[in-house]
Amino acid sequence: MGFELARVQEIAERVAASMGLEVVEVEMRGAGNARMLRIYIDRPVSGDAKGSEDAFGVTHEDCAQMSREVSTILDVEDAVPGGSYVLEVSSPGLDRKLSKAGDFERFVGSRVKVATRNPVNGSKHFSGKLESFIEGRITLDVAPVSKKPKRGETPPPQIVEIELGNVEKANLIPEI
């Protein structure tokens, strides 16, 4: 029986749900005895959690507990056959990958970087404020942030709409 990432994803999602967490991504890197199975987890933000400690992602203890529980199940079910591997469970980081519709809905108002499969308005690379995500369409304001508007003046938005199906890669841009 071969390795099935979907099976590992299902196990990870089951454990994460029992802990009040979500799986952002599961990936296997390397080959042979140098394989690394990475699981990125986050804490979904509900309306009640905004502004509370729960709004700030996962803790080191969340990652350690998730690692222990997932590791045990993977071993018992032999879900990762083919020798040794390293399991790493971590937060998706400040530059979190966005891939599902729920990711784009959750991060409306954030700055994002998007690469498309096919050009949109002659370009395949965009960065800007995620204005909305409605009916499978991402709306970005790509107006430059560096230009300081004159007093009392609001710079006009430069709107780009991208179909979710055309997104090759998208990430948050950390705002420090």
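Two strands count as paired if DSSP finds at least two bridges between them. The model discussed here is predicted.

Q: In what order do the five strands form an open sheet?
A: This sheet has antiparallel pairing. Such strands pair through backbone hydrogen bonds. The order is β7-β6-β5-β4-β8.

Q: Which strands of that five-stranded sheet stand at the edges?
A: An edge strand here has a single partner, so one side of it is left without a neighbour in the sheet. Two strands fit, one covering 159–163 and the other 167–172. They are β7 and β8.

Q: How much does the twist average from one strand to the next in the sheet β7-β6-β5-β4-β8?
A: The sheet is open, with antiparallel pairing. From one strand to the next, its twist averages 40 degrees.

Q: Which residue in β5 is the bridge partner of V112?
A: Strand β4 spans residues 111–120 and pairs with β5 in the antiparallel sense. That pairing runs over six bridges. The partner of V112 in β5 is G128.

Q: What is the order of the three strands that form the other open sheet?
A: Here the pairing is mixed. β1 (22–29) and β3 (86–90) each have a single partner strand, so they stand at the edges. The order is β1-β2-β3.

Q: By how many degrees are neighbouring strands of the β1-β2-β3 sheet turned against each other on average?
A: The sheet is made of three strands. With direction ignored, its neighbouring strands are turned on average by 15 degrees.

Q: Which residue in β2 does M28 stand opposite?
A: β2 covers residues 36–42 and pairs with β1 in the antiparallel sense. Seven bridges join the two strands. Opposite M28 stands L37.

Q: What angle does the direction of α1 make with that of β1?
A: Helix α1 covers residues 5–18 and packs on the sheet. It touches β1 and β2. Its direction makes an angle with that of β1 of about 145 degrees.

Q: Which strands does α2 touch as it packs on the sheet?
A: Helix α2 covers residues 60–76. Its direction makes about 145 degrees with that of β3. The strands in contact are β1, β2 and β3.

Q: Why do the buried residues of α1 line one face of the helix?
A: Buried means under 20% relative accessible area. In α1, V8, I11, A12, V15 and A16 are buried. Residues three or four places apart on an α-helix point the same way, because there are 3.6 residues a turn. Seen down the axis of α1, its buried residues line one face because they fall within an arc of 130 degrees.

Q: Which elements do the buried residues of α1 pack against?
A: The other side of α1 has A6, A17 and S18 exposed. The buried residues pack against β1, β2 and α2.

Q: How many degrees of arc do the buried residues of α2 cover around the axis?
A: D62, C63, M66, V70 and L74 are buried in α2. The face turned away from them carries the exposed residues H60, D75 and V76. The buried residues are on the same side of α2 because they cover an arc of only 90 degrees.

Q: What distance does α2 reach from its first C-alpha to its last?
A: α2 has 17 residues. At 1.5 Å a residue, 24 Å is expected. The reach is close to that, at 25 Å.

Q: Is D78 buried, partly exposed or exposed?
A: D78 is found in the loop between α2 and β3. Its phi is near 45 degrees, a positive value in a residue other than glycine. Most residues other than glycine have a negative phi. At 47% relative accessibility, D78 counts as partly exposed.

Q: What is the relative accessibility of E135?
A: E135 lies in the loop between β5 (123–134) and β6 (137–141). It has a positive phi of about 50 degrees although it is not a glycine. Exposed means over 50% relative accessible area. E135 counts as exposed, at 78%.

Q: What share of the 176 residues in the protein do buried residues make up?
A: The protein has three helices and eight strands. It exposes about 10,600 Å², with carbon and sulfur atoms supplying 51% of that. Buried residues make up 35%.

Technical notes: Residues are numbered from 1 along each chain as its sequence is written. This is a predicted model: local features need pLDDT of at least 70, side-chain atom pairs count only at pLDDT 80 or more; totals for chains, interfaces and linings use all residues. Side-chain values use heavy atoms; hydrogens and water are left out. Helices (H or I, at least four residues) and strands (E, at least two) are DSSP runs, numbered from the N terminus. Axes are lines fitted to C-alpha atoms, for helices over the stretch in contact, and angles run from 0 to 180 degrees between N-to-C directions. Contact means heavy atoms within 4.5 Å. Buried means under 20% relative accessible area, exposed over 50%, partly exposed in between (1.4 Å probe, protein chains only). Accessible areas come from the Shrake-Rupley method with a 1.4 Å probe; for residues, only the protein chains shown count as cover. The arc is that of the directions from the helix axis to the C-beta atoms. The expected span of a helix is 1.5 Å times one less than its number of residues.
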